[in-house]
Amino acid sequence: MSDATTHPGSTVVKASSYGWFHRNRIKLAPWLFLAPALIFFAIYVVIPIFQSIWISFYEWNGLDNADGSSSAVWVGLRHYFDLLDDDRFYTSLKNNVLWLVLFMLAVPIGLGIALFLNQTVTGIRIYKSLFFFPFVISQVVVGLIFSWFYNPNFGIVGQVWEFFGAVPPAILADEDLVTYGIIFAGLWPQIAYCMILYLTGLNNVAPDQIEAGRLDGAKGWKMLWYVVLPQLWPATFLAIVVTVIGALRSFDMIAIMTQGGPYGSSNVLSYYMYETALSEYGYRYGYGSAIAVVLFAIMMIFISFFLWKMWRDERGS
Amino acid sequence: MFPAPIERSSPSAQIAYKVALPIALVIWLLPLLAIFMTSIRPAMDINSGNVFGWPSSFQLLENYSAVFTQSRAGTYMLNSVLVTVPTMIVSVALACLAGYALAIYRDFKWALPLFFLFVAGNFVPFQILMVPVRDLSVRTDTYDTILGLVLFHSAFQTGFCTLFMRNFIKALPYELVESARIEGVGEFKIFWYLVLPLVRPAIAALAVLVFTFIWNDFFWATVLIQGDDRLPITAGVRALNGQFVSQWQLVSAASLLAAMPPVLMFFLMQKHFIAGLTLGATKG
């Protein structure tokens with residue numbers, strides 16, 4: 001307050017004598033704090049997005065000419081028109097939709113397991129952590145485990161089928177089954193993730209509302225639907241977001257389990273892009289980038305929705 | 001509490017629940033148990049078709065040490081540490097600074113747009129970054145180096161870390177900062193002496209999460225690294241899978257070794273880990 005200005009030694013008086021930088025420090029400071037993160041993020045994330053869009057208009061194998069100039073040739077929208085006639089692209093797109101739809105099962109199953117584990121018996125904490133285990137493990141390892149499981153000669157699937165006297169299917173070699181097999185493996189860690197989100201959410205559900213519901217005679221499914229689920233909405237929202245992102249990002253499992261095969265039948269856009277851009281038969285950066293742009297566009301629909309919701313919440317608070 | 005506490009139901013229901021718990025857990029973790037059993041059995045078992053039965057003898061030490069002596073698993077593990085730890089430090093440090101800027105300056109008009117930039121960037125598919133980042137690494141001579149991997153991971157994780165850190169700092173009592181400003185404390189001093197000690201839980205949460213994300217990364221390890229002596233463990237496990245053809249006891253031992261560090265991290269720092277995953281939505 002005015003107290004400070006009356007004492008010559010006080011800091012406020014000092015501050016005003018420092019000059020331009022000090023007078024504007026409140027305006028400058030956020031930029032200084034942000035600069036390292038912003039520059040780094042711009043170089044490796046923001047600018048590459050636009051570069052990829054740009055590269056998708058070129059035919060380029062990633063190499064330079066002898067004189068140091070880029071060997072890229074402008075082809076305009078040709079890659080995008082080529083995609084329209086590309087069967088492998090359609091297979092990948094179809095599989096992406098399949099992933100997106102079936103991956104959503106992780107949300108209700110995660111909720112189911114969370115409800116099952118939301119008790120206070122002795123040792124339940126250990127159970128909760130052990131149920132969460134699959135999420136912590138790398139997808140490469142999960143992919144390897146399930147590859148053995150599905151192996152018709154050695155795997156558990158084979159043994160179960162043989163137990164019933166049937167000829168075991170070679171899931172990962174069957175064009176019609178392979179994608180379902182990989183999605184099933186992918187669901188395992190994803191369910192664990194959704195479960196932990198719901199366990200946390202259930203912790204925050206207001207006990208008095210539950211008791212009030214009980215007094216009104218609500219129980220079981222009714223209680224879940226009308227009292228608990230509305231309160232779990234933040235957890236549900238987060239679970240949907242991470243599941244959508246997870247489904248569209250699926251790459252590791254496909255790379256480990258099938259490499260998109262057999263005959264590209266388990267491909268998804270993320271793996272098809274990688275396979276095309278860094279193909280053994282010569283890099284196709286331009287065409288690969290066009291696939292990436294399509295995937296990015298699909299993802300942007302969800303990202304925009306997520307940002308819009310965050311923006312609304314920010315203005316509300 | 002929902003569902004109703006099991007203590008309120010009949011004794012038989014309570015017993016049923018306590019029996020169902022371990023059975024459900026075993027079914028849920030069956031894949032892991034199977035791979036653990038495989039990793040301790042002798043090669044003979046697998047050749048004779050005894051893959052899921054009781055091992056004929058236990059070769060825990062033999063198999064796990066064979067992974068290190070017969071392959072470069074040790075190098076892969078070390079590479080993973082060399083990628084993971086610096087990434088953890090850099091991205092969390094940058095996020096502390098950026099999160100502070102985005103949360104504390106109420107008159108900073110760019111705060112919300114820049115915050116959304118970090119959030120959106122965090123969710124983009126890796127493939128839209130792949131070609132330019134690889135090209136950038138080649139041009140800056142960081143392709144096929146640990147440094148190149150660290151630089152990219154740090155930058156990308158900064159997005160997620162900033163999202164988390166900003167929300168955490170925003171929830172701190174703003175009056176603390178205001179009164180410090182009135183006292184004439186410099187902006188950096190406020191950050192360093194006032195805010196940083198308060199965000200320690202967020203730093204812990206981010207550290208364990210980034211550790212897990214980076215340790216388990218496979219995509220960038222295959223895009224940015226080529227040389228066998230620089231591969232991190234995830235890409236290394238795939239290489240081992242090719243090297244140890246049909247020696248499943250060794251592949252499974254290697255897989256479990258690769259999964260170990262994040263699992264330990266999770267068990268040691270469970271509270272922080274879950275706080276991070278739920279984006280700080282946990283209360284107690």
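Visitor: Why is helix α15 (residues 270-277) of chain B largely enclosed by the rest of the structure?

Guide: Happy to start there, with the note that this is a predicted model. Burial is judged by counting neighbours: a residue is buried if 20 or more other C-beta atoms lie within 10 Å of its own. Six of the eight residues of α15 of chain B are buried, so this helix is largely enclosed by the rest of the structure. The buried ones are B:His272, B:Phe273, B:Ile274, B:Ala275, B:Gly276 and B:Leu277.

Visitor: Which helices cover those buried residues of α15(B)?

Guide: The cover includes α8 (146-170), α11 (200-215) and α14 (248-268) of chain B, together with α11 (178-203) of chain A.

Visitor: Chain A is involved too, then. How many residues does each chain bring to the contact?

Guide: Chain A brings 81 residues and chain B brings 78 residues. On the side of chain A that touches chain B, helix α4 (residues 25-55) gives the most, with 18 residues. By residue class, that side of chain A has 60 nonpolar, 17 polar and four charged residues.

Visitor: What is the secondary structure of chain A, and how should I read its radius of gyration?

Guide: Chain A has 17 helices and two strands. For the radius of gyration, set the value against the globule rule: chain A comes to 27 Å, well over the 20 Å given for 317 residues, so chain A is more spread out than a compact globule. Its C-alpha trace spans about 95 × 80 × 30 Å along the principal axes.

Visitor: Where do the domains of chain A lie?

Guide: The domain assignment gives domain 1 (2-55) and domain 2 (87-277). Their C-alpha centres are 44 Å apart.

Definitions and conventions. Residues are numbered from 1 along each chain as its sequence is written. Chains are lettered from A and ligands numbered from 1 in the order in which they are written. This is a predicted model: local features need pLDDT of at least 70, side-chain atom pairs count only at pLDDT 80 or more; totals for chains, interfaces and linings use all residues. Domain bounds come from an automatic or database domain assignment. A residue is buried if 20 or more other C-beta atoms lie within 10 Å of its own, exposed if 12 or fewer, and partly exposed in between; C-beta atoms are placed from the backbone. Helices (H or I, at least four residues) and strands (E, at least two) are DSSP runs, numbered from the N terminus. Two residues are in contact if their C-beta atoms, placed from the backbone, lie within 7 Å. Ala, Val, Leu, Ile, Met, Phe, Trp, Tyr, Cys and Pro count as nonpolar, Asp, Glu, Lys and Arg as charged, and the others, Gly among them, as polar. The radius of gyration is taken over C-alpha atoms; the globule rule is 2.2 Å times the number of residues to the power 0.38.
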